[in-house]
Amino acid sequence: MPKVPTIDSPSPGSATEGQLVIRRPDDWHVHLRDGAMLRAVASYTAHQFGRAIVMPNLPVPVTRVQHAKDYRARILAALPADTTFEPLMTAYLTDTMDASELSSGFGEGVFTAAKLYPARATTNSQHGVTSIAAIEPVLETMQRIDMPLLIHGEVTSPEVDVFDREAVFVETVLQPLRQRFPALRIVLEHITTQEAADFVMAAGEGVAATITPHHLEINRNAMFDGGLRPHMYCLPTAKRERHRLALRAAATSGNPKFFLGTDSAPHEIGAKESDCGCAGIFNAPFALEAYAKVFAEENALDKLEGFASEFGPAFYRLPLNQEHVVLQRQGIDVPERLPADEGWVRPFHSGSTLPWRYRGLA
Ligand code: DOR
Ligand code: ZN
């Protein structure tokens with residue numbers, strides 16, 4: 001039996017004393033970037049999480065085993081020598097990806113999973129997959145060797161409304177893909193809609209989803225609140241309120257198909273506040289605080305440990321982290337900006353106070 005989280009002083013009246021101890025969480029979807037940005041942001045993720053699935057969408061994508069080994073070494077070099085954080089590397093699928101490269105990387109333990117970006121769906125996805133047909137042999141291999149496929153689930157055709165792209169993907173791409181490869185294990189990443197949550201719930205046990213803190217917190221109005229809000233723009237974009245409520249219900253349900261993946265995606269402030277602003281919300285510095293706020297609002301703090309620390313390892317067939325971490329019910333102020341990459345990045349929740357504070361290892 002998994003250890004039940006302990007909540008001391010949980011009564012609403014004793015807000016400042018409340019403490020939550022949970023198994024050390026992992027982040028099952030993060031963008032750590034490279035170079036100066038990597039050096040600026042890696043420690044935020046390593047401070048809060050035991051492991052992280054690291055996205056491969058670098059300007060030169062991670063398509064080879066050697067790329068992943070080198071990138072992993074750069075991530076570890078950006079952290080203190082005694083770090084216990086473990087980066088889990090992913091391969092970036094292209095139309096020309098070689099199935100044997102993938103299977104040898106998986107066999108060696110270098111690749112934990114492979115990521116499917118539909119071409120031109122998001123940041124650095126121009127080398128992504130143009131059609132499922134192009135990667136059928138790769139998917140067959142992945143199904144055979146039991147290597148998880150991580151999916152950015154949006155169609156990219158310009159005729160499809162940007163707010164419908166995930167739901168259309170689920171219906172026109174994911175359903176057929178699932179039928180064609182019924183044993184392929186799939187994570188639908190950063191889901192944003194009721195349709196995606198329903199698909200995952202109804203699919204067999206080989207299908208799961210990650211949910212970000214921002215999609216639990218904001219709906220699409222946040223992008224237009226009194227003016228254009230580039231720091232609330234990410235892909236897939238936030239949707240209508242009813243979708244946000246569906247995601248909250250899924251995340252706090254205790255259903256092991258839904259687990260934590262921040263999709264923390266830093267871009268320098270100038271690149272966000274631009275004529276063509278980049279997609280991505282940088283939530284790594286206060287990720288656990290952001291999730292704890294949502295779970296507390298839903299009266300579901302007892303469900304946080306499963307979502308953050310147990311369901312992800314179960315899906316990936318990895319051991320549970322043995323350490324525990326402490327969250328305290330004490331306000332924490334999120335700064336307006338943080339230094340990064342010779343410029344600045346704006347953290348999610350900037351300028352506000354979050355009610356739960358991450359205290360570190362127990
Ligand atoms: O908002 C996003 N930013 N969504 C993605 O899929 C990619 C990410 C990034 O790399 O900036
Ligand atoms: Zn992402």
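## Exercises on strand 4 and the cavities

Strand 3 (residues 27-30) and strand 4 are parallel partners, joined by two bridges. The model is predicted.

**Exercise 1.** Trace the chain from strand 3 to strand 4 and give the handedness of the crossover.

*Solution.* Start with the pairing: Val-30 stands opposite Val-54 in strand 4. Next, follow the chain. From strand 3 it passes through helix 1 (residues 35-48) to reach strand 4. This β-α-β crossover is right-handed.

**Exercise 2.** Sort the residues of strand 4 (residues 51-54) by the way they point, and decide whether they are buried or exposed.

*Solution.* Take one side: Arg-51 and Ile-53 point one way. Ala-52 and Val-54 point the other way. Now apply the cut-off: buried means under 20% relative accessible area. All four residues are buried.

**Exercise 3.** Find how strand 4 connects to strand 5 (residues 86-92).

*Solution.* Check the bridges: four join the two strands, which run parallel. One partner of note is Glu-86 in strand 5, bridged to Arg-51. Then add helix 2 (residues 65-77): with strands 4 and 5 it makes a right-handed β-α-β unit.

**Exercise 4.** Locate the cavities of 30 Å³ or more and describe their linings.

*Solution.* The whole structure holds two such cavities. The largest has a volume of about 120 Å³. Of its 16 lining residues, the closest to the centre are His-31, Thr-122, Thr-123, Leu-235 and Asp-263. By class, this lining has five nonpolar, eight polar and three charged residues. The second largest cavity holds about 40 Å³. Its lining includes Thr-192, His-215 and Lys-239. Helix 8 (residues 241-251) gives the largest share of that lining, three residues.

Key: Residues are numbered from 1 along each chain as its sequence is written. Chains are lettered from A and ligands numbered from 1 in the order in which they are written. This is a predicted model: local features need pLDDT of at least 70, side-chain atom pairs count only at pLDDT 80 or more; totals for chains, interfaces and linings use all residues. Side-chain values use heavy atoms; hydrogens and water are left out. Buried means under 20% relative accessible area, exposed over 50%, partly exposed in between (1.4 Å probe, protein chains only). Two strands pair if DSSP finds at least two bridges between them. A crossover is right-handed if, with the strands pointing away from the viewer, the path from the first strand over the helix to the second runs clockwise. On a 1 Å grid over the protein atoms alone, a cavity is a set of points where a 1.4 Å probe fits but cannot get out, and a pocket is an open set with protein on both sides within 12 Å along at least five of seven lines; lining residues have an atom within 4 Å of a point. Grid points are joined across faces, edges and corners, and a volume is the space filled by probe spheres set on the points. Ala, Val, Leu, Ile, Met, Phe, Trp, Tyr, Cys and Pro count as nonpolar, Asp, Glu, Lys and Arg as charged, and the others, Gly among them, as polar.
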